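Here are a few exercises to work through with the structure open beside you. Try each task yourself before you read the solution.

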Number of protein chains: 2
Amino acid sequence: MTADMVRELATAARLAARALAMVVPEVKNRAVTAMADALWSERAAILSANAVDLAEARSAQHPSALLDRLALDERRIEKMAAGVRQVAALPDPVGEITGMWRRPNGLLVGRMRVPLGVIGVIYEARPGVTADAAALCLKSGNAAILKGGREAIRSNRVISNLLADAAAANGLPKGCVAFIDSVDREAVSHLLQLTGLVDLIIPRGGEELIRAVQRTSAIPVLAHDKGLCHTYVDEGADLHMAEEIAYNAKVERPGVCNAMESLLVHEGVATLFLPQIVRRLQEAGVEIRGCPRTRTLVQGIGAATEADWDTEYLDLMLSIRVVGSFEEAVAHIAAHGSGLAEAIVTSDHSRAMRFLREVDAGAVFVNASTRFTDGGEFGMGAEMGISTQKLHARGPVGLTGLTCEKFIIFGDGQIRDSSK
Amino acid sequence: MTADMVRELATAARLAARALAMVVPEVKNRAVTAMADALWSERAAILSANAVDLAEARSAQHPSALLDRLALDERRIEKMAAGVRQVAALPDPVGEITGMWRRPNGLLVGRMRVPLGVIGVIYEARPGVTADAAALCLKSGNAAILKGGREAIRSNRVISNLLADAAAANGLPKGCVAFIDSVDREAVSHLLQLTGLVDLIIPRGGEELIRAVQRTSAIPVLAHDKGLCHTYVDEGADLHMAEEIAYNAKVERPGVCNAMESLLVHEGVATLFLPQIVRRLQEAGVEIRGCPRTRTLVQGIGAATEADWDTEYLDLMLSIRVVGSFEEAVAHIAAHGSGLAEAIVTSDHSRAMRFLREVDAGAVFVNASTRFTDGGEFGMGAEMGISTQKLHARGPVGLTGLTCEKFIIFGDGQIRDSSK
């Protein structure tokens, strides 16, 4: 796609976004529900496009993890449609007045939540993101420009076309779901330069994709860095609770960003705690890499190198470090954490409250598993991702993360006199 | 300053920021008040440094506007100190819990307001910004890295040193007010690459400075675009009120970003309204440039070219356009407004509410002057600037705009089961 073609698409999306911002919730909900219906009723077309994508990916000898992310079947399409339906059911964030106050001169000043405008979503092999991202953008009043991975181009083309048709047939402005139908990387570069037309770029995928987008985008980026999450077991913690939480954080789903990668244990409980948790983790197939003190307390485990403290395994692997104090644990987290989610297991109220304040991360847990770091689990409904940046949105990004607040002011003729 | 020197400064600021985030409000308030005291007690040193800056700027034949911004006297230092004292008196945003809710599994999920970390402020000739920016950053728990214009280097050096000393002597961590003591532009380029050490860059100054920072920064930027503000006088508006508001928006302080640059008048009231307001504006020395219909209704005014609709005069100049409908006014604003502030004068409730919803700007006014677009006037206390971007902070940026929210989660042993 040429730069002009991408610009044309974005210009149409910008126009659509202006109209979309005014659409009342019930029309948006009807349209998003129709999108979910279309995914299911057109499943044969989706599956046949997906079969061609899959055959090509197989013959290109892509790794099996990619093939798994790419593959659709009826059950996955059903889940995709259910996710879209769930978005339709969420409360509409647009138009919410988040505060209003009266000034001494009688002006009434308030804040109103409004859509951002046009959101570009850049992702990789999972065709489900197409439906997911479109639903979240439209429900929050934003036009979406979607650019998926080259492996999924046929699946994404079918899905985005049927979503766009369902949206337009149900009262949403034409052009509010745009798809960059191109496999070349140039198209992305063009998109990333369209300041003034596109308001936000959300990259969803691996670290390499995210870094590349951050490096080259002239448009603000809402990014999701890696998840290097710790669980710290404090002196005096309930060790049964600590074991359950640590085991859950590592084993329940090791390949996701909110899984634990490093376990920190206070020296006062390490002798009692470590042999038991290590045995249980090893039984679950976890490879352990310990600091020297860990290796003294538990025989037969590998040594953690400096690099281990900064490694997101995303796998059945765990580094363990014994710390001399609460402060040492907090300092380790400050040095090595990625700011996604951190947890303490403790019985001490004061240290629980200090951990909440002193640990700088999107989600800070007391006595619960970092695995709960998720928009759905937090009660925000579906999420667009988990932001590890501090600006605009931090932690799980739901519908409100796709909006901003403008000031609204009601007067009855007030004018300003700066000399006063 | 070499890249290593800037990095060293930022590393120290990062360490200071971690400690500063934990400082209780009363200690911060005492330190910020001490900074105000120091500005006043050390005024002789400030004035003598400023005299040298001024002499050099005069001999370099800088324009008089720059000399005016650069010049300090006792009255200006008093105002500077008063501004800092006012920041100390504002409510502390850090640690505020902005919401907390219980999940079905018993988890208590909430959001806590925390500092961003390290903020770099890049500005031009006004030495007052040094005090202002440092006070706002420290009060909101952030370390500040300050880089002023080359013309004010001696003034800024004295001011930032005395602020840093007062902060450190009153319980704030050393290094939390850092000053880039350099006149070369390279130092700024180095600063703008320090992702991971600096969390936010705020450029304060002219359009050229802001564009250059936006173009080159690898760190998120909170920017203030130009202010191209409209006042739209609706059909059926109270024309006396409209006249007062339009006059105030243009004349009260024409050189600032929230002053009106274009006046839009509904054709139904143009015949009655325009001759009167134009005469009054002309008496105040305003040069008018009108659309063809404006020029038919009022004799002897210049013609507005297409470029006028996109020009921020920042001066006693005004473009006027007669529109055929409310929709035409809103479309003109969408095409030409800069998203800072827009106003309608109307008696019609439904159009008032439509204007609030349909106009996409940081501040949208009904029946009041755009000149009120200001953190102080909105009741937020002192402001760091007015953001015309949508992400993170929009409109006047006060202390909360210098913070972010993290999720905090209280559990009692909850673990996740994704299979459910």
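**Exercise 1. Find the order of the strands in the open sheet of ten strands, and name its edge strands.**

Step 1. Following the sheet across gives β1(A)-β2(A)-β16(A)-β13(B)-β12(B)-β7(B)-β8(B)-β11(B)-β9(B)-β10(B), and the pairing is mixed. Strands are DSSP runs of E with at least two residues, helices are runs of H or I with at least four, and both are numbered from the N terminus. Two strands pair if DSSP finds at least two bridges between them.

Step 2. Look for strands that pair on one side only: these edges are β1 (97-102) of chain A and β10 (302-303) of chain B.

Step 3. Now see what packs on the sheet. Helix α14 (residues 349-358) of chain B touches β2 (108-115) and β16 (403-414) of chain A, as well as β12 (341-345) and β13 (363-368) of chain B. Contact here means heavy atoms within 4.5 Å.

A note on the model: it is predicted, so local features need pLDDT of at least 70 and side-chain atom pairs count only at pLDDT 80 or more, while totals for chains, interfaces and linings use all residues. Residues are numbered from 1 along each chain as its sequence is written, chains are lettered from A and ligands numbered from 1 in the order in which they are written, and side-chain values use heavy atoms, leaving out hydrogens and water.

**Exercise 2. Describe how α3 and α7 of chain A cross.**

Step 1. The axes of α3 (residues 43-59) and α7 (residues 153-169) of chain A come within 7 Å and cross at roughly 160°. Axes are lines fitted to C-alpha atoms, for helices over the stretch in contact, and angles between N-to-C directions run from 0 to 180 degrees.

Step 2. α3(A) and α7(A) are therefore roughly antiparallel, a label for angles over 145 degrees.

Step 3. Residues making the contact include Ala45(A) and Ile46(A) of α3(A), and Val158(A) and Leu162(A) of α7(A).

**Exercise 3. Work out what relation links chain A and chain B.**

Step 1. A turn of 180° with a shift of 0.0 Å along the axis lays chain A on chain B with an RMSD of 0.0 Å. The superposition is by least squares on C-alpha atoms of residues with pLDDT of at least 70 in both copies.

Step 2. That is the relation of a two-fold axis. In chain A, the C-alpha nearest the axis belongs to His392(A), 1.8 Å from it.

Step 3. The copies meet through the same surface, because 100% of the interface residues of chain A are also interface residues in chain B.

Key. Angles under 35 degrees count as roughly parallel, over 145 as roughly antiparallel, 65 to 115 as roughly perpendicular and the rest as oblique.
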